[in-house]
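Visitor: I am new to this structure and should like to learn how to read it. May we begin with the picture itself?

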Amino acid sequence: MRWTQAAAIRRGFYNAVMVDDAGESIELMCHRCGAALTPGTGSFWIVRIEAVCDPSPPTIDPDESIEELAAEWERLLDEMRDLSEQELMDQVHRRLTLQLCGRCYREWIENPAP
Ligand SMILES: [Zn+2]
């Protein structure tokens, strides 16, 4: 059985695996080994990864003066001043979607952070 377009959309996979941003059909390939992937065969996996930087607030030294704290904030703002909104976002949050063939998925899932 092959996926229909409507079924793929309902499953939320359409944008991830069936078309590119321009709506053109794309050939699916395993992101790890490059093997061709065929929708509807159950032979590959969609892996969604969301990475979020440590959301804990910074530790503030109670002995640090307000001037030292202000200087530290100013230094951080200086570091960020020339970065684009996307670059700033990439420093704290990344979302990836990978397609892996069955063989690569089985190897990866057992050791995703070597
Ligand atoms: Zn593969």
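Visitor: Among the elements of the protein, which has the lowest mean pLDDT and which the highest?

Guide: The general idea is that pLDDT is the predictor's confidence in each residue, from 0 to 100. Elements are DSSP runs numbered from the N terminus: helices (H or I, at least four residues) and strands (E, at least two). Here helix H2 (residues 14–18) has the lowest mean, 45, and helix H5 (residues 102–110) the highest, 97. Over residues 1–6 the pLDDT is also below 50, and this stretch has six contacts in the model beyond near neighbours in sequence; two residues are in contact if their C-beta atoms, placed from the backbone, lie within 7 Å. For the protein, the mean pLDDT is 82, with 77% of residues reaching 70 or more.

Visitor: What kind of model is this, and how are residues numbered?

Guide: This is a predicted model, in which local features need pLDDT of at least 70 and side-chain atom pairs count only at pLDDT 80 or more, while totals for chains, interfaces and linings use all residues. Residues are numbered from 1 along each chain as its sequence is written.

Visitor: In what order do the elements of the protein run?

Guide: From the N terminus on, the order is α-α-β-α-α-β-α, which comes to five helices and two strands.

Visitor: Why does helix H3 lie largely in the open?

Guide: A residue is buried if 20 or more other C-beta atoms lie within 10 Å of its own, exposed if 12 or fewer, and partly exposed in between, with C-beta atoms placed from the backbone. Helix H3 lies largely in the open because the number buried among its 16 residues is zero. Of the 114 residues of the protein, 6% count as buried.

Visitor: Which residues form the largest nonpolar core?

Guide: A nonpolar core is a set of buried Ala, Val, Leu, Ile, Met, Phe, Trp, Tyr and Cys residues joined through C-beta atoms within 7 Å. The largest one has six residues: Cys30, Leu37, Phe44, Leu100, Cys101 and Cys104. Phenylalanine 44 has contacts that include Gln99 and Gly102.

Visitor: Is histidine 93 buried or exposed?

Guide: Histidine 93 is exposed, because 12 other C-beta atoms lie within 10 Å. Its place is in strand E2 (residues 93–101). Not counting residues up to four places away in sequence, histidine 93 touches Val52 and Cys53.
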